[in-house]
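Hi,

Here is the structure I promised to pass on. Have a look, and my notes on what turned up are underneath.

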Amino acid sequence: VGLCHLFLKERVRPGDRVVDATCGNGHDTLLLARLAGPTGKVWGFDIQEAALTATRKLLADEGCLDRVELCMAGHERLGEFATPPLNAVVFNLGYLPGGDKSRITRPETTLAALEASLGMLADKGLLLVVVYPGHPGGDNESDALQAWGAGLPPEQFNVWCSRQQNRLQTSPYLILVERGNR
Ligand SMILES: C[S@@+](CC[C@H](N)C(=O)[O-])C[C@H]1O[C@@H](n2cnc3c(N)ncnc32)[C@H](O)[C@@H]1O
């Protein structure tokens with residue numbers, strides 16, 4: 001979703017430490033690697049070898065693999081791999097485009113990973129979640145995320161939800177969490 005990249009371009013700076021929690025075909029990982037630059041660090045997670053292979057190839061082709069650590073692990077294990085403070089953590093939920101549509105992200109592990117991310121966010125750090133309510137299972141995950149976002153303490157986090165008003169309510173949308181209370 002374009003809005004997610006817009007926020008990343010605005011806020012991620014050279015030298016930042018960032019996470020792509022769902023590498024898929026690697027498009028978000030590549031943007032993060034470019035923005036964080038050679039002095040930055042990117043951790044990328046996926047549970048499918050095909051996704052990490054595609055991501056590794058894209059990053060190598062674009063000359064950005066040096067600053068990226070790809071982890072064949074569920075993002076709920078974020079804390080075992082990444083080192084805080086993190087300036088941005090990105091989730092692009094659902095299934096791998098062009099891949100197995102049954103291997104979707106699931107509310108239990110997504111929520112566990114989001115909680116782990118919150119604890120590792122830098123001050124003013126961003127958590128961006130692109131949510132897909134349109135596929136079977138995606139609707140439940142979306143409901144769980146709505147409840148989760150609404151329940152975050154306002155004295156610690158700013159939470160926004162951005163849906164496209166002129167599209168179906170099943171269209172992808174963005175949840176954005178910022179550590180801070182301004
Ligand atoms: C929508 S795709 C990501 C698309 C990607 N951002 C891109 O630009 O191509 C979702 C990915 O999440 C992965 N996934 C599912 N459950 C996961 C988990 N627990 N931890 C990490 N990745 C997971 C899937 O294998 C899939 O590749």
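A quick word on classes: Ala, Val, Leu, Ile, Met, Phe, Trp, Tyr, Cys and Pro count as nonpolar, Asp, Glu, Lys and Arg as charged, and the others, Gly among them, as polar. On that basis the shell around the ligand has eight nonpolar, eleven polar and three charged residues.

Bear in mind that this is a predicted model, with local features needing pLDDT of at least 70 and side-chain atom pairs pLDDT 80 or more, while totals for chains, interfaces and linings use all residues. Numbering runs from 1 along each chain as its sequence is written, and side-chain values use heavy atoms, with hydrogens and water left out.

Back to the ligand. There are 22 residues around it (a heavy atom within 4 Å), and Asn 25, Asp 46, Gln 48, His 75 and Leu 93 come nearest. Some polar contacts (N or O atom pairs within 3.5 Å):

- Asp 46 has a side-chain N or O atom 2.6 Å from a ligand oxygen.
- Asn 92 puts a polar side-chain atom 3.3 Å from a ligand nitrogen.
- His 27 uses a backbone N or O atom, 3.4 Å from a ligand oxygen.

The ligand alone exposes 610 Å², and the protein buries 95% of that (Shrake-Rupley, 1.4 Å probe).

As for salt bridges (a Lys or Arg side-chain nitrogen within 4 Å of an Asp or Glu carboxyl oxygen), the whole structure has six. In one of them, Glu 62 meets Arg 34 at 2.7 Å, N to O. Glu 62 sits in the loop between helix H3 (49-61) and strand S3 (68-72), Arg 34 in helix H2 (residues 27-36), so the pair is 28 residues apart (helices are DSSP runs of H or I, at least four residues; strands are E, at least two).Two backbone oddities to finish. Most residues other than glycine have a negative phi, and most peptide bonds are trans. Lys 124, in strand S5 (residues 121-131), has a positive phi of about 70°. The Pro 84 to Pro 85 peptide bond is cis, with omega near 0°, and Pro 85 lies in the loop between helix H4 (78-81) and strand S4 (86-92).

Cheers

Conventions
A polar contact is a pair of N or O atoms within 3.5 Å; within protein, one must be able to donate a hydrogen and the other to accept it, and residues adjacent in sequence count only if both atoms are side-chain atoms.
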